[in-house]
Amino acid sequence: MAAEADGPLKRLLVPILLPEKCYDQLFVQWDLLHVPCLKILLSKGLGLGIVAGSLLVKLPQVFKILGAKSAEGLSLQSVMLELVALTGTMVYSITNNFPFR
């Protein structure tokens, strides 16, 4: 049982989604309804999903620009406005020590 507890699933989940005590609670003791650990898992999972979705939302536009080898039709003002908005949000988050996720 100890060898299974330290397997590849633990090496993947513990640094990213769960503290080690929650991994043991959920996957070693099989207490799947342990509310504090479920809250942590849900919070970190949703945070990672939002970050991944935010990164992936621009990919179709980037691929279309690369395929056409032109950015014709793209408004420079809208791109700059988006950059300013994202920079402002990032600076606010960093100064308030918010976690990335």
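# Exercises on a predicted model

By the sulfur-distance rule, the count comes to 1 disulfide. The model is predicted. Each exercise below is followed by its solution.

## Exercise 1. The disulfide

Identify the two cysteines that form a disulfide, give its handedness, and place each partner in the chain.

Solution.

Step 1. Apply the cut-off: the two sulfur atoms must lie within 2.5 Å. Cys-22 and Cys-37 meet it, with their sulfur atoms 2.2 Å apart.

Step 2. Read the torsion. The angle about the S-S bond is -80°, and the link of Cys-22 and Cys-37 is left-handed.

Step 3. Place the partners. Cys-22 sits in helix H3 and Cys-37 in helix H4 (residues 35–56). They are 15 residues apart, and the pair links distant parts of the chain.

Step 4. Check burial. Cys-22 and Cys-37 are both buried.

Step 5. List the contacts of Cys-22, leaving aside neighbours within four places in sequence. They are Cys-37 and Ile-40.

A disulfide is a covalent bond between the sulfur atoms of two cysteines.

## Exercise 2. The nonpolar core

List the residues of the largest nonpolar core, and say which helix gives the most to it.

Solution.

Step 1. Collect the members. The core has 7 residues: Leu-13, Leu-17, Leu-18, Cys-22, Tyr-23, Leu-26 and Cys-37.

Step 2. Assign the main contributor. Helix H3 (residues 20–28) gives the most, with 3 residues.

Step 3. Link back to Exercise 1. Cys-22 and Cys-37, the disulfide partners, both belong to this core.

Step 4. Test one member for burial. The limit is under 20% relative accessible area. Tyr-23 has 3%, so Tyr-23 counts as buried.

In soluble globular proteins, nonpolar side chains tend to be buried together.

## Exercise 3. Aromatic pairs

How many aromatic pairs does the structure hold? Classify each by its geometry.

Solution.

Step 1. Count. There are 2 aromatic pairs.

Step 2. Take Tyr-23 and Phe-27. Their rings are 5.2 Å centre to centre, with 35° between the planes. Planes under 30 degrees apart would be stacked, and over 60 edge-to-face. This pair is therefore tilted.

Step 3. Locate this pair. Tyr-23 and Phe-27 both lie in helix H3, 4 residues apart, about one turn of the helix.

Step 4. Compare exposure. Tyr-23 is buried at 3%. Phe-27 is partly exposed at 26%.

Step 5. Take Tyr-92 and Phe-98. The centres are 5.9 Å apart and the planes 65° apart. That makes the pair edge-to-face.

Step 6. Add exposure again. Tyr-92 is exposed, with a relative accessible area of 52%. Phe-98 is partly exposed, at 44%.

## Exercise 4. The largest pocket

Give the volume of the largest pocket, and say which helix gives the most to its lining.

Solution.

Step 1. State the volume. The largest pocket holds about 720 Å³ of space.

Step 2. Examine the lining. It has 24 residues. Closest to the pocket centre are Ser-54, Leu-55, Leu-86, Met-90 and Phe-100.

Step 3. Sort by helix. H4, helix H5 (59–68) and helix H6 (76–95) each supply at least two lining residues.

Step 4. Pick the main contributor. H6 gives the most, with 9 residues.

## Exercise 5. Positive phi

Find where Trp-30 and Asn-97 lie, and state the phi of each.

Solution.

Step 1. Recall the background. Most residues other than glycine have a negative phi.

Step 2. Take Trp-30. It is not a glycine, yet its phi is positive, about 55°. Trp-30 is in the loop between H3 and H4, and is exposed at 57% relative accessible area.

Step 3. Take Asn-97. Its phi is also positive, about 55°, although Asn-97 is not a glycine. Asn-97 is in the segment after H6, and is exposed at 68%.

## Exercise 6. Gln-25

Is Gln-25 buried or exposed? Which residues does Gln-25 touch, not counting those up to four places away in sequence?

Solution.

Step 1. Place it. Gln-25 is in helix H3.

Step 2. Apply the limit of under 20%. Gln-25 has 18% relative accessibility, so Gln-25 counts as buried.

Step 3. List the contacts. Gln-25 touches Trp-30, Asp-31, His-34 and Cys-37.

Step 4. Connect the exercises. Trp-30 has the positive phi of Exercise 5, and Cys-37 is a partner in the disulfide of Exercise 1.

Definitions and conventions. Residues are numbered from 1 along each chain as its sequence is written. This is a predicted model: local features need pLDDT of at least 70, side-chain atom pairs count only at pLDDT 80 or more; totals for chains, interfaces and linings use all residues. Side-chain values use heavy atoms; hydrogens and water are left out. A nonpolar core is a set of buried Ala, Val, Leu, Ile, Met, Phe, Trp, Tyr and Cys residues joined through side-chain atoms within 4.5 Å. Buried means under 20% relative accessible area, exposed over 50%, partly exposed in between (1.4 Å probe, protein chains only). Contact means heavy atoms within 4.5 Å. Rings of Phe, Tyr and Trp (its six-membered ring) pair if their centres lie within 6.5 Å; planes under 30 degrees apart count as stacked, over 60 as edge-to-face and the rest as tilted. On a 1 Å grid over the protein atoms alone, a cavity is a set of points where a 1.4 Å probe fits but cannot get out, and a pocket is an open set with protein on both sides within 12 Å along at least five of seven lines; lining residues have an atom within 4 Å of a point. Grid points are joined across faces, edges and corners, and a volume is the space filled by probe spheres set on the points.
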